Amino acid sequence: MSTSLTNDQLRLLLGICRSAGSLDLCLAEKLMNQKISSAEIDELCELISNEFMLNGIQESFEQNDYGRELEKLLDAVNSG
């Protein structure tokens, strides 16, 4: 799997995974090293989606700036 993340997306992903725990941080490292399975990509996408639901939307359910960044990150991870 070949996933191309920007430096900002990589920092964002590492931050999300770091806050979720060491096992999830390993998933980010696998993605960076292109040694990640489809099931593991699904796990990363679930983490990103959860972060989006918690912090990426306003009370009106519209995306905020952080939500837009998460959406781009999700697209990049899914394109792998």
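**Exercise 1.** Determine which helices cover the buried residues of H2 in this predicted model, and work out how those buried residues are arranged around the helix axis.

*Solution.* Begin with the cover: the buried residues of H2 have H1, H3 and H4 among the elements that lie over them. Next, identify the residues themselves, which are Asp 24, Leu 27, Ala 28 and Leu 31. Viewed down the axis of H2, these buried residues fall within an arc of 95°, so they line one face of the helix. Finally, turn to the other side of H2, where Ser 22 and Leu 23 are exposed.

**Exercise 2.** Carry out the corresponding analysis for H3, asking which residues are buried and what they pack against.

*Solution.* The buried residues of H3 are Glu 40, Ile 41, Leu 44, Cys 45, Leu 47, Ile 48, Glu 51 and Phe 52. Looking down the axis of H3, one finds them within an arc of 155°, so they line one face of the helix. Their packing partners are H1, H2 and H4, whereas the face turned away from the buried side carries the exposed residues Asp 42, Glu 46, Met 53 and Leu 54.

**Exercise 3.** Describe how H1 and H3 are oriented towards each other, and which residues form their contact.

*Solution.* The axes of H1 (residues 7-20) and H3 (residues 38-55) lie 10 Å apart, and the helices pack at an angle of about 90°. Angles of 65 to 115 degrees count as roughly perpendicular, and H1 and H3 are therefore roughly perpendicular to each other. In the contact, Leu 13, Ile 16, Cys 17 and Ala 20 of H1 meet Leu 44, Leu 47, Ile 48 and Glu 51 of H3. Sorted by class, this contact has 7 nonpolar residues, no polar residues and 1 charged residue.

How values were computed. Residues are numbered from 1 along each chain as its sequence is written. This is a predicted model: local features need pLDDT of at least 70, side-chain atom pairs count only at pLDDT 80 or more; totals for chains, interfaces and linings use all residues. Side-chain values use heavy atoms; hydrogens and water are left out. Axes are lines fitted to C-alpha atoms, for helices over the stretch in contact, and angles run from 0 to 180 degrees between N-to-C directions. Helices (H or I, at least four residues) and strands (E, at least two) are DSSP runs, numbered from the N terminus. Angles under 35 degrees count as roughly parallel, over 145 as roughly antiparallel, 65 to 115 as roughly perpendicular and the rest as oblique. Contact means heavy atoms within 4.5 Å. Ala, Val, Leu, Ile, Met, Phe, Trp, Tyr, Cys and Pro count as nonpolar, Asp, Glu, Lys and Arg as charged, and the others, Gly among them, as polar. Buried means under 20% relative accessible area, exposed over 50%, partly exposed in between (1.4 Å probe, protein chains only). The arc is that of the directions from the helix axis to the C-beta atoms.
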